[in-house]
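This briefing goes through one chain by topic, from the overall fold down to single residues. Please keep the sequence and the coordinates open while reading.

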Amino acid sequence: MSAPGTIVAGILAPHPPHLVYASNAPQNEPRAECGWEVLRWGYERLANKLATLDYDVLVVHTPHWKTVVGHHVLGVEHFKSLSVDPIFPNLFRFHYDLDVDVELSEAIATEGESEGLVMKVMRNPDFRIDYGTITSCHLVNPAWDKPIACISANQGFYNFSNEVGQEQMLALGRATRRAISKSGRRAVLLASNSLSHRHFTEEPPTPEDMKHEHIYHHGQYLWDMHILGLMRSGKTRAMIDEMPDFIEQSVSEAKEGSLTWLMGAMDFPTYPAEVYAYGTVIGTGNAVVEWDPAKEKGAVA
Ligand code: 2X7
Ligand code: FE2
């Protein structure tokens, strides 16, 4: 029997397409002069660290694959096409070519069902991969040399309440953890949401002109700092308890469930998270954060 799988890192990996645009990724059509360096360089440091880890698969929960009935996972081995951001087609027209770990996706669906969740394995070969998945995966692994497993954002927070949404995402996290363990995979998990999410509604003539970039509202900045403080001090249960208020008061994209899913999958880490970067994109708050389970075992200071 093979050894049980493990989560080798859990990452809050937000997906503003501006970061792919500003990095002039070869797969992306539009060209930029520069922009959002603090976030991009933080992602670069994280990507360099991940490149030193031995892992098999990236598992991403994405806010921009929205499903109404149940939680869906990709169930086709290979996708190659063009992904265009519907709001920013001027910034994100990305030619992707990626592999999916279908066996792990199916295991997540099976374990999700055993938690009482409605799950669906998506088998449409012409399915268009959303920009949230692509941006997060690209920024943590620009080489695209690992397969992904990808989970949709079910709209439970919207259709029922933040509390019901959270319960579902914690169950989905537990299911993901068990699926990884049974599969023998070494997995890196990506929660693809921004933190605070009020944003400007007009784009400057040059999108990367940084004189326009700042937080939309001081109250949401204070919320972001509070949440990052909880992460950095290992108080992830308190963070999840406060999440419904955070979501409402800062219009947080955590309402799509990704961060709660990550905490469920990592079983509420009590060791400090490492913040690689915090910065705004069109006024939204974005943090690149890593939970390294080696810290729990005392292997890393
Ligand atoms: O989807 C997004 C986002 N979450 C944050 C900032 C900018 C654009 O797109
Ligand atoms: Fe988003």
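In which helix is tryptophan 223 found? Tryptophan 223 is found in helix H7. The model is predicted, so local features need pLDDT of at least 70 and side-chain atom pairs count only at pLDDT 80 or more, while totals for chains, interfaces and linings use all residues. Residues are numbered from 1 along each chain as its sequence is written, and chains are lettered from A and ligands numbered from 1 in the order in which they are written.

**Overall fold**

- The chain has nine helices and ten strands; these are DSSP runs numbered from the N terminus, helices being H or I with at least four residues and strands being E with at least two.
- Its radius of gyration is 18 Å, close to the 19 Å that the globule rule gives for 301 residues, so the chain is as compact as a globular protein of that length. The radius is taken over C-alpha atoms, and the rule is 2.2 Å times the number of residues to the power 0.38.
- Along the principal axes, the C-alpha atoms fill a box of roughly 55 × 40 × 40 Å.
- Of the 301 residues, 49% are buried. A residue is buried if 20 or more other C-beta atoms lie within 10 Å of its own, exposed if 12 or fewer, and partly exposed in between, with C-beta atoms placed from the backbone.
- Among contacts between residues at least 6 apart in sequence, 81% join residues at least 24 apart; a contact requires C-beta atoms, placed from the backbone, within 7 Å.

**Tryptophan 223**

- Tryptophan 223 is buried, with 22 other C-beta atoms within 10 Å.
- Leaving aside residues up to four places away in sequence, Tryptophan 223 touches Ser196, Phe246, Gln249 and Ser250.
- Leucine 195 is 28 residues from tryptophan 223 in sequence, and their C-alpha atoms are 8.8 Å apart.

**Helix H8**

- H8 (residues 236-250) has 15 residues, yet its end C-alpha atoms are only 18 Å apart, short of the 21 Å of a straight helix. The expected span is 1.5 Å times one less than the number of residues.
- H8 bends by about 50° at glutamate 242, and proline 244 follows within four residues. The bend is the angle between axes fitted to the seven residues ending there and the seven starting there.
- Its buried residues are Thr236, Met239, Ile240, Met243, Phe246, Ile247 and Ser250.
- An α-helix has 3.6 residues a turn, so residues three or four places apart point the same way.
- The cover over the buried residues of H8 includes helix H6 (162-183), helix H7 (218-232) and helix H9 (258-265).

**Helix H9**

- Eight of the eight residues of H9 are buried, so H9 is largely enclosed by the rest of the structure.
- These buried residues pack against strand E1 (6-12), strand E2 (57-67), H6, strand E8 (186-191) and H8.

**Positive phi values**

- Valine 251, just after H8, has a positive phi of about 50°.
- Aspartate 267, just after H9, has a positive phi of about 55°.
- Phenylalanine 268, in the loop between H9 and strand E9 (274-281), has a positive phi near 55°. With 15 C-beta neighbours inside 10 Å, phenylalanine 268 is partly exposed.
- Tryptophan 36, in the loop between helix H1 (17-22) and helix H2 (37-50), has a positive phi of about 50°. Tryptophan 36 is buried, with 24 other C-beta atoms within 10 Å.

Conventions. Contact = placed C-beta atoms within 7 Å.
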